[in-house]
Amino acid sequence: MFRPLPLNIGLRYATSRRSFVSFISVVAIAGLVLSVAVLLLVTAVMNGFEREMRNRILALVPHAQLRGRITDADIDALARIALSVEGVDGIAPYVEGSGLIAANGRSAGVAFTGVDPARFEAVSDLGNFMVSGRLDALQRGAFGVVVGRSLATRLGVSVGDSVMAVLPDGAVTIVGLIPRQKRMQVVGVFDTQSELDARGVYLQFSDAQRLFRSKGSAQGFIIRVADVFAASDVAATVVDAIGDQRLYAVSWMRSHGNLYRAIGFQRAMMFLLLSLLVAVAAFNLVSALIMVVNQRRGDVAVLRTLGGGGRTIIGAFVTLGAIIGVIGVAAGITLGVAGALVVEDGYRWLEAEFSLNLMSQYFISYLPAELRIADVLIVASVALSLSFLSTLYPAWRAAGLKPAEVLRHE
């Protein structure tokens, strides 16, 4: 099969058995493989953090809240007004407070949230994360609680066990301040593998009203919106529609917005920094090809003497660089994709095998990864473009060799 002369020469050089050329090619390819694989793997992990922020944290954290005292008689009327606002997908009243929860000689600070299970399903996916018990087991007057798995493990309790709620306010007696206490029963355990599992406690709405002495009123509404990034604007529109100046809107951007922005910023910065790593590896081709040019000076001189033009010489060395670049990028993409697909299970295995807990300080307790085709294409395009650019100078330098001067020293 006929092949153009530059392509034929480039292929011969790429497959040369001469050890020096082969060694330089292997080093250049190895640099590209590692840099491309690391870039793809880190990008997949950052995508995983972003995904978990959406699917786990924002599945439970209120998209927006309307805070302010709302009487029980006004809840239904105000809820209908809020649901009429475009972008509102669900609404539910809530009562919240903080305190301690104790069992088996252990205690933990928690955030109590009183909800109506029937209404709460419209604003939270908590029911999807239940690992034992049910959310609708929160019955009025029973003072049952649903707790996170991390909290349940810390206290050593499960469904059916009793816990003691201790509230910061209490009664002053002759022996001092005695905090209020209430015995409750665990009716469900949820597991989101996030920071919410260690401090979230849910109880029935009416029970929370009694517990926090807000009987006859709610502390506000929890709102779920269609577009989480428009939560602030939608909540403000709801406040305007209700027309009650005692209510004010707070969105998830206040409590977790900095975290989400930090993930996005870190993802962009990591991509930029690791792209520079790819650039360094790609430009290693410059030194590799210059060495090849120096070694092949005699070949180039003979080719020029036989009538080979500058385009032929440039084409030959660009072909050589392109072959090295394509092999390195393809192998790097393969290694990076394989790493991204196994990193979650691999981390879980390492954590179990060596008793590691490296993710304990993060908002999720495991290492997520999400491979996106668009990222694979972008990484491949950037790496191949840089590899191609790095071949131009050595090829131009080879084309500029003067045959007479080269052959005089041969």
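T113 lies in strand β3, which spans residues 106–115. The model described here is a predicted one. With a relative accessibility of 14%, T113 counts as buried, because buried means under 20% relative accessible area. Leaving aside residues up to four places away in sequence, T113 is in contact with V95, E96, V201, Y202 and L203.

Helix α7 covers residues 231–242 and holds twelve residues. From its first C-alpha to its last, α7 reaches 16 Å, close to the 16 Å expected at 1.5 Å a residue. The buried residues of α7 are A231, V234, A235, V238, V239 and I242. Viewed down the helix axis, these buried residues fall within an arc of 145 degrees, so they line one face of α7. D233 and D240, on the other side of α7, are exposed. After the helix comes G243, which has a positive phi, near 75 degrees.

A further feature is found on the surface. F265, M269, M270, L272, L273 and L276 form a nonpolar patch there, and their accessible area together is about 560 Å². One of these residues, L276, is placed in helix α8, which runs over residues 252–295.

The elements named in this report are listed below with their residue ranges.

| Element | Residue range | Residue placed in or lining the element |
|---|---|---|
| Strand β3 | residues 106–115 | T113 |
| Helix α7 | residues 231–242 | A231, among the buried residues |
| Helix α8 | residues 252–295 | L276 |

Technical notes:
Residues are numbered from 1 along each chain as its sequence is written. This is a predicted model: local features need pLDDT of at least 70, side-chain atom pairs count only at pLDDT 80 or more; totals for chains, interfaces and linings use all residues. Side-chain values use heavy atoms; hydrogens and water are left out. Patches are made of residues with over 30% relative accessible area and no salt bridge: like charges are joined within 9 Å, nonpolar side chains (Val, Leu, Ile, Met, Phe, Trp, Tyr) within 5 Å. Accessible areas come from the Shrake-Rupley method with a 1.4 Å probe; for residues, only the protein chains shown count as cover. A salt bridge is a side-chain nitrogen of Lys or Arg within 4 Å of a carboxyl oxygen of Asp or Glu. Helices (H or I, at least four residues) and strands (E, at least two) are DSSP runs, numbered from the N terminus. Buried means under 20% relative accessible area, exposed over 50%, partly exposed in between (1.4 Å probe, protein chains only). Contact means heavy atoms within 4.5 Å. The expected span of a helix is 1.5 Å times one less than its number of residues. The arc is that of the directions from the helix axis to the C-beta atoms.
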